[in-house]
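Please have your viewer ready with side chains displayed as sticks, and follow the selections below in the order in which they come.

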Amino acid sequence: MKISIILGTRPEIIKMSPIIRECEGLDLDYFILHTGQHYSYTMDQVFFEQLNLHEAKYNLDVGSGTHAEQTGQMLIGIEKVLQKEEPDVVLIEGDTNTVLAGALAAVKLGISVGHVEAGLRSYDRKMPEEINRILADHSSDYLFAPTEKSKQILLGEGISEEKILVTGNTVVDAVFQNSKISKNKRNVLDDFGLRCNEYFLATVHRQENVDNECRLCDIIEGLERTKELGFDVVYPVHPRARKVLKKLGIKSNGLKLVEPLDYLSFLQLERSARLVLTDSGGVQEEACILGVPCVTLRDNTERPETLDVGANVLAGTTPSTIVNKVKLMLAHQGSWQNPFGDGKAGRRIVRFMIENFVNCKSIG
Ligand code: UD1
Ligand code: UDP
């Protein structure tokens, strides 16, 4: 069995790393195809170095562009590599343009597709990620659903049960595998003059927030107003957000705006934060896993499990609502169970491929 692991962005590198480690450990025939969707050192290479991953065998260097330009160039590049390598199966993870291009290129060549983190839905079709998820799920032969809830969503869309395996989310594997190393790392809180439990950690990068001037200004105002509660706010700024903040000349009064962080530093900041404010999917999950309350700067989430266990609330982008939801979560003393699995999702996925794919070429 030859596996092609297709990835292209920061969260895909992090969430694919447990699967890559498993492939390495079992000495499987696999290769990494990087689309180059993310390419800045702090969004790409730093994660390969820190997570000890081999360099990608192919990097398409597609870079940034409109959705059509980016996805179209990826499709062309991925098809060429897949035709040359003839893998038995392609693995994709999540909901980016890289995922859509990987799924489409493979399915049209008749190559089996395995979708890691299948069955997530925000039911907001204005989000590019929602379209990517739906199309990727419906192009896939193997749907690795992180939770029972995501499995039910797939069943509700008519995907046959034989194609679905509930595995947990590989983000838990990544957090568990790297938390210990991160604890032993030099304390990044000192670098930013922060004290444990006395600051909030913020991340904002979604297209619908960052590329909308009103929403972005509201979010920045909301973050600034949370400082009135007596906490510092540190915000590692994604390049999409950096570009727009600069263009609009938005200055932040008192927020600690820093460069995107390496994974181990980010895990340290997440674990020691009093609260997380974010529009990121992965950060909502990680906060929930690490037991840190989360306020999500969106109107919906495709991670409803975090709401169900009481780890997360939706705040949208109105400043007063952001402050109120922060107060609510600060008052909330409860602890919760991590709904995303036991940290063995990567192993389950790879073992499944070995046991079922090699022998039967189909789950059914
Ligand atoms: C993409 C995903 C999003 C995911 C995010 C993870 C899509 C549609 N969106 O959004 O789902 O949550 O990655 O971070 O696939 N840029 C750089 N350096 C880089 C990468 C991007 O400077 O390495 C800048 C460029 O100005 C670029 C902008 O960021 O135009 C947006 O990059 P893009 O890959 O289009 O989307 P993301 O916002 O990163
Ligand atoms: N992350 C990181 N450094 C940062 C911000 C985030 O390493 O400065 C990690 C974070 O731990 C999580 C992932 O990036 O695992 C989330 O990626 P992102 O928010 O870019 O994308 P999303 O999950 O929303 O698709």
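The tour goes through aromatic rings and then turns to a ligand, in a model that is predicted.

Begin with the aromatic side chains, among which a search of the whole structure finds four pairs. Select Phe31 and Tyr58: the ring centres are 5.7 Å apart and the planes stand at 75°, so this pair counts as edge-to-face. If you colour by secondary structure, Phe31 falls in strand E2 (residues 29–34) and Tyr58 in strand E3 (residues 58–59), so the pair ties together parts that are 27 residues apart in sequence. Both Phe31 and Tyr58 are buried. Keep Phe31 on screen and add Lys57, which lies over the face of the Phe31 ring, at 5.8 Å from its centre.

Next, select Phe200 and Phe231, whose ring centres are 4.4 Å apart with planes at 20°, so that this pair is stacked. Phe200 belongs to strand E8 (residues 199–203), while Phe231 sits in the loop between helix H10 (213–226) and strand E9 (232–236), so the pair ties together parts that are 31 residues apart in sequence. Phe200 and Phe231 are also buried.

For a further aromatic stop, display Tyr142, Phe144 and Phe352 together, since these residues form one aromatic cluster.

Finally, centre the view on ligand 2, which is surrounded by 16 residues, the closest being Arg10, Leu261, Ser280, Gly282 and Glu286. Look for oxygen atoms of the ligand: a polar side-chain atom of Arg10 lies 2.9 Å from one, and a polar side-chain atom of Ser280 lies 2.7 Å from an oxygen atom of ligand 2. At Gly282, show the backbone instead, where an N or O atom lies 2.8 Å from a ligand 2 oxygen atom. With a surface displayed, consider that the protein covers 96% of the 530 Å² of accessible area that ligand 2 has on its own.

Methods. Residues numbered from 1 in each chain as written. Chains lettered and ligands numbered in written order. Predicted model: local features only at pLDDT ≥ 70, side-chain atom pairs only at ≥ 80, totals over all residues. Heavy atoms only, no water. Phe/Tyr/Trp six-rings, centres within 6.5 Å; stacked < 30°, edge-to-face > 60°. Helix = DSSP H or I, 4+ residues; strand = E, 2+ residues; numbered from the N terminus. Buried < 20%, exposed > 50% of the residue type's maximum accessible area, 1.4 Å probe, protein only. Lys NZ or Arg CZ within 6 Å of the ring centre and 35° of its normal. Near = heavy atom within 4 Å. Polar contact = N/O pair within 3.5 Å; in protein donor to acceptor, adjacent residues only side chain to side chain. Areas by Shrake-Rupley, 256 points an atom, 1.4 Å probe, with all protein chains shown as cover.
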